[in-house]
Amino acid sequence: MTSPIRHILLNPGPATTTDTVKQAQIVSDICPREAAFGDIMAEISHDLTQFVGDPAQNTAVLFGGSGTAVIEAMLSSVVGEGTLLVINNGAYGKRMVDIAKPYGITVVDFVSSFVEPIDYATLEKAVQENPGISHLAVVHHETTTGLLHDLTPLGHFCSKHDITLMVDAMSSYGAVPIGMKAMNISYLAASSNKNIQGMAGVGFVVCDNQAIETLKDQPPRSYYLDLYQQYRGFKTHHQMRFTPPVQVLYALRQAIAELKQEGVATRYKRYQACWEVLVSGLANLNLTYIVDKAHHSRLITAIHEPNIEGYAFEEMHDYLYERDITIYPGKLKETATFRIANIGDLYPKDITLFLKHLEAYLKTL
Ligand SMILES: *Cc1c(COP(=O)(O)O)cnc(C)c1O
């Protein structure tokens, strides 16, 4: 099979994939209810668990759907009659607040700095003012800005206050090291198409088994997105409750094999090497970015739009797109930015090529 033309995706997921992951989707048709396919999903669930937890204590529960679907499954299934505090420091934190509302979940919207770490004194105050807080949700790596939280102190904070910690790790999982036990995380959501470098279409929540077992008698708020029932079904039959995205799962199995081979730490090093090339190139072009290096993920960068007469994001996008490079608009209200994600099957030479075309575009102005 000939390889399709390689596109360099610098949008924050779905990320650039290898040809081997693309080709893994071309398989014989199979009824996903066959035991052979259940075995494949069990292997995928096991492997997704072991990147961040212990398969004896944690279970990755898979759904067909995008990342938002599993955030919704997690929030709607876990919180119950309790109160959820959401750390809102960007578009994805705000999204969790918005997801909770239609389910009638009691939410405390804890607005935190978009560029600085969590202020624990203010958080402590919020918890004291709202004594019913039972759950806390946080975005590990805010894809709007590149702000990365240190989850260890947050885990300690939640443990001290007897609060269940839930994490949106969508854009950190597979690169930034995570240990669910050490960080006191009960539920962690991610998807197939970011740092794992698989195809879009599968989301999963890695659950602490003891925590999810406590949901047994809690009334569900959603039918399809019932996390406990999906977990039960998977434990019993190695099956999703409803039709899984079969070919996406074959690709995910291949992407996991490639992540295991490279190793999470080595993958993060490769991404960081790309980021170093990116930021030094940006500096040469007099472009600056938000979020200080000290709290920066080095995975996704929100760059101030160039202050040059005639600049338009759409035109810059189209110029690069014609050259097989995709960039992404910003998502911040107050500051004009565009975003570059150096995740996926990318290497420093790809970033160098992007910078070359970016410079050429800026020269046309
Ligand atoms: C990508 C992403 C999501 C999920 O987005 P989908 O488009 O639904 O896959 C959620 N949270 C964060 C932090 C993300 O980066």
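**Exercise 1. Polar contacts with the ligand**

How many Å from an oxygen atom of the ligand does a polar side-chain atom of serine 66 lie?

*Solution.* The structure is a predicted model, in which local features need pLDDT of at least 70 and side-chain atom pairs count only at pLDDT 80 or more, while totals for chains, interfaces and linings use all residues. Residues are numbered from 1 along each chain as its sequence is written, and side-chain values use heavy atoms, with hydrogens and water left out.

Step 1. Recall that a polar contact is a pair of N or O atoms within 3.5 Å.

Step 2. For serine 66, a polar side-chain atom is found 2.5 Å from a ligand oxygen atom.

Step 3. Threonine 68 also places a polar side-chain atom 2.5 Å from an oxygen atom of the ligand. Glycine 67 instead uses a backbone N or O atom, which lies 2.9 Å from a ligand oxygen atom.

Step 4. Of the 380 Å² of accessible area (Shrake-Rupley method, 1.4 Å probe) that the ligand has on its own, the protein covers 85%.

**Exercise 2. The shell around the ligand**

Determine how the residues of the shell around the ligand divide by character.

*Solution.* Step 1. A residue is near the ligand if one of its heavy atoms lies within 4 Å of it. Among the residues around the ligand are Tyr92, Arg95, His141, Asp168 and Lys194.

Step 2. Sort the shell into classes, with Asp, Glu, Lys and Arg counting as charged and Gly among the polar residues. The outcome is three nonpolar, six polar and three charged residues.

Step 3. Locate the contributing helices (DSSP runs of H or I, at least four residues). Both α3 (67–78) and α4 (91–100) supply at least two residues of the shell.

**Exercise 3. Strand β5 and its partners**

Identify the strands that pair with β5.

*Solution.* Step 1. A strand is a DSSP run of E with at least two residues, and two strands pair if DSSP finds at least two bridges between them.

Step 2. Strand β3 (residues 83–88) pairs with β5 in the parallel sense over four bridges; here leucine 84 has histidine 135 as its bridge partner.

Step 3. Strand β8 (residues 164–168) runs parallel to β5, joined by five bridges. In β8, methionine 166 stands opposite alanine 137.

Step 4. In β5 (residues 133–139), seven of seven residues are buried, that is, under 20% relative accessible area.

**Exercise 4. Disulfides**

Explain why cysteine 158 forms no bond with cysteine 207.

*Solution.* Step 1. A disulfide is a pair of cysteine sulfur atoms within 2.5 Å.

Step 2. The sulfur of cysteine 158 has its closest cysteine sulfur in cysteine 207, 17 Å away, and therefore too far for a bond.

Step 3. The count of disulfides is zero by this rule.

Note on methods. Polar contact = N/O pair within 3.5 Å; in protein donor to acceptor, adjacent residues only side chain to side chain. Buried < 20%, exposed > 50% of the residue type's maximum accessible area, 1.4 Å probe, protein only.
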